[in-house]
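New to this one? Take a look at the model below, and then we can walk through some of its features together.

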Amino acid sequence: MPEWVSMVFGQVILAILTGLVSSAMFFFFLSRFRPQIEISPEIARGISTKNGETTYVIKVINRTRDDITDINAQMHLFKCHQTATGKIWKSDEVVLKRSTPICIDKFDKKDKNANYAYRFLTYENLDARWSDENTQFIRFRIIARHATSGFGGAFKRDYRIKQKTIVDGTFSKGNTFKIVLKQTQTDEQ
């Protein structure tokens, strides 16, 4: 093989490898900019100060160091059904009052308003709908996009034991999922 062929072949291989390594490094760097969302392990049951109805609230905290956007949250009650070919799970939507906030602010411990935390609320009677822990459970899902990188993420939490899941009270403000017992809770964030 002529020397010029091996030299060109070596340069092409080097260029391809350099391109692959730089692309991998760039992708690794950007992949660090994905949403990081934490979902409360319990659902807070309270009374709305606006209309006196029972409310059920799930709190999420944006742990990302940047805002998250394109948020879409869903809650479903799953029920197991026996069919001729086996068990299947069917889901019924639990309607959330505000399931698509525009933005949740970045995580910042110094934020006195705790705008990195958001509460999703429903007026549907989960106590009545969730009647059998053996064949039913609640699933909460949230999808969001990192405001800077555009990368998305999907997060979910299953609630399987009703007695441990639904707790009377309201979520404390800020970087906690602690539920405190109060007579009322608001519809506010």
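## A quick tour

A nonpolar patch of about 580 Å² sits on the surface, made by Phe9, Val12, Ile13, Ile16, Leu17 and Leu20. Keep in mind that this is a predicted model. One of the patch members, Leu17, lies in helix H1, which covers residues 3-31. Leu17 counts as partly exposed because its relative accessibility is 47%.

Now for a strand with a very different setting. How many of the 6 residues of S7 are buried? The answer is 6 of the 6, so S7 is largely enclosed by the rest of the structure. In a regular strand, side chains alternate between the two faces of the sheet. In S7, both faces are covered: Ala117, Arg119 and Leu121 are buried on one side, and Tyr118, Phe120 and Thr122 are buried on the other. S7 also has a pairing partner, strand S3 (residues 54-62), and the two run antiparallel over 6 bridges. Among the bridged residues, Val60 is matched with Tyr118 of S7.

Next, some charged pairs. The structure holds 7 salt bridges, and here are three of them with their closest N to O distances:

| Salt bridge | N to O distance |
|---|---|
| Asp127 and Arg45 | 2.6 Å |
| Glu124 and Arg129 | 2.2 Å |
| Arg139 and Asp158 | 2.6 Å |

Asp127 and Arg45 form a salt bridge that links distant parts of the chain: Asp127 is in helix H2 (residues 126-129) and Arg45 is in strand S2, 82 residues apart. Asp127 is partly exposed at 25% relative accessibility, and Arg45 is partly exposed at 22%. There's a bit more to this pair, as Arg45, Asp127 and Asp168 are linked in a network of salt bridges.

Arg139 and Asp158 also meet in a salt bridge, and that pair too links distant parts of the chain, with Arg139 in strand S8 (residues 136-146) and Asp158 in strand S9 (residues 152-159), 19 residues apart. Is Arg139 buried or exposed? Arg139 is buried, with a relative accessible area of 15%, whereas Asp158 is partly exposed at 25%. As for the remaining pair in the table, Glu124 is partly exposed at 21% and Arg129 is partly exposed at 25%.

Let's move on to Glu42, found in the loop between strand S1 (37-39) and strand S2 (43-47). Glu42 is partly exposed, with a relative accessible area of 25%. Leaving aside neighbours within four places in sequence, Glu42 is in contact with several residues, including Val57, Tyr159, Lys164, Thr165 and Phe171. The C-alpha atoms of Glu42 and Arg157 are separated by 9.8 Å, although the two residues are 115 apart along the chain.

One of those contacts, Thr165, is found in helix H3 (residues 162-165). Thr165 is buried, at 4% relative accessible area. Besides Glu42, Thr165 touches Ile43, Trp130, Tyr159 and Arg160, not counting residues up to four places away.

Two residues stand out for their backbone angles. Asp70, in strand S4 (residues 68-83), has a positive phi of about 50° although it is not a glycine. Asp70 counts as exposed because its relative accessibility is 52%, and exposed means over 50%. Ala114 has a positive phi as well, near 55°. Ala114 is found in the loop between strand S6 (103-104) and strand S7 (117-122), and counts as buried at 8%.

Finally, the cysteines. A search of the whole structure finds 0 disulfides. Cys80 is buried at 17% relative accessibility, while Cys103 is partly exposed at 31%.

Key:
Residues are numbered from 1 along each chain as its sequence is written. This is a predicted model: local features need pLDDT of at least 70, side-chain atom pairs count only at pLDDT 80 or more; totals for chains, interfaces and linings use all residues. Side-chain values use heavy atoms; hydrogens and water are left out. Helices (H or I, at least four residues) and strands (E, at least two) are DSSP runs, numbered from the N terminus. Buried means under 20% relative accessible area, exposed over 50%, partly exposed in between (1.4 Å probe, protein chains only). Patches are made of residues with over 30% relative accessible area and no salt bridge: like charges are joined within 9 Å, nonpolar side chains (Val, Leu, Ile, Met, Phe, Trp, Tyr) within 5 Å. Accessible areas come from the Shrake-Rupley method with a 1.4 Å probe; for residues, only the protein chains shown count as cover. A salt bridge is a side-chain nitrogen of Lys or Arg within 4 Å of a carboxyl oxygen of Asp or Glu. A disulfide is a pair of cysteine sulfur atoms within 2.5 Å. Contact means heavy atoms within 4.5 Å. Two strands pair if DSSP finds at least two bridges between them.
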